[in-house]
Amino acid sequence: MSETLVPVSPSPLLPIPWRDPHTVPPGELSSHIQTLERACLERPESSDLRTVLGIAHAMNYDVYKSMDALEAAIAIEPSNFWAQLKYGELLYRLRALTRAEAETSKALELAGSGWQLSLARKQLQEVRRLSWDTTRNVTWDKPLAWPALTLTLGVLIMFAVMLWK
């Protein structure tokens, strides 16, 4: 495999190693990541390269680098469907379901073909199913002063009763 990357026109499909992540051995994945990092330094304006780099880092179980690469891809080109979809997928896999739903909804708006639309809809459906079925998305927007005060008062009363006897 050559170490140089040849610029090509953007394709609606991802490069071959990223279509089935279970077929890429760890050593080959590391070399792909290094090649992609060099390519990103050479072409900092390419959101597609950063998207594939984010996917590679995710496959390598390096969440923070994956998030950084995907966020950079979205910052470079906010209308990039694949960057938005993969960022939503990463958040889904991390079970940040509220953000995953928002990011996947953005990808749904960016879909340019029926196939992309079906991918985004399927991912959004799965995020919503998981959100509905298995987790509670608690928002901590209510003041906790009264419950804390009540608990403190109850503990003090129990302490006083124990000392009384």
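Of the 165 residues in the chain, 32% count as buried. The model is a predicted one, and its accessible surface adds up to about 11,500 Å², with 63% of that belonging to carbon and sulfur atoms. As for secondary structure, the chain holds 7 helices and 0 strands, so the pattern along the sequence simply reads α-α-α-α-α-α-α. Among contacts with a separation of 6 or more, 51% link residues 24 or more positions apart.

Confidence comes next. Mean pLDDT for the chain is 86, and 84% of the residues get to 70 or more. Within the elements of the chain, helix H3 (residues 63-76) has the highest mean pLDDT, at 96, while H1 has the lowest, at 90. Where pLDDT is low, the predicted coordinates should not be read in detail.

Helix H1 covers residues 26-42, and its geometry can be checked with a quick bit of arithmetic: at 1.5 Å a residue, its 17 residues should span 24 Å, and because the end C-alpha atoms sit 24 Å apart, the two values agree. The buried residues of H1 are Leu 29, His 32, Ile 33, Thr 35, Leu 36, Ala 39 and Cys 40. An α-helix has 3.6 residues a turn, so residues three or four places apart point the same way. In H1, Leu 29, Ile 33 and Leu 36 are among the buried positions, and the buried residues of this helix pack against H2.

On the H2 side, His 57 is worth a look. This histidine lies in helix H2, which takes in residues 47-59. His 57 counts as buried because its relative accessibility is 5%, under the 20% cut-off. Leaving aside residues up to four places away in sequence, His 57 touches Ile 33, Glu 37, Asp 62, Lys 65 and Ser 66. One of these partners, Ile 33, is itself among the buried residues of H1. Two others, Lys 65 and Ser 66, fall within the 63-76 range of helix H3.

Elsewhere on the chain there is a nonpolar patch at the surface. Leu 153, Ile 157 and Val 161 make up this patch, which has an area of about 270 Å². Ile 157 belongs to helix H7, running over residues 145-164. With a relative accessibility of 48%, Ile 157 counts as partly exposed, because the exposed class only begins over 50%. The patch residues Leu 153 and Val 161 also have numbers inside the 145-164 range of H7.

Technical notes: Residues numbered from 1 in each chain as written. Predicted model: local features only at pLDDT ≥ 70, side-chain atom pairs only at ≥ 80, totals over all residues. Heavy atoms only, no water. Patch = residues over 30% accessible without salt bridge, like charges linked within 9 Å, V, L, I, M, F, W, Y side chains within 5 Å. Areas by Shrake-Rupley, 256 points an atom, 1.4 Å probe, with all protein chains shown as cover. Salt bridge = Lys/Arg side-chain N within 4 Å of Asp/Glu carboxyl O. Helix = DSSP H or I, 4+ residues; strand = E, 2+ residues; numbered from the N terminus. Buried < 20%, exposed > 50% of the residue type's maximum accessible area, 1.4 Å probe, protein only. Contact = heavy atoms within 4.5 Å. Expected span 1.5 Å × (residues − 1). pLDDT = per-residue confidence, 0-100.
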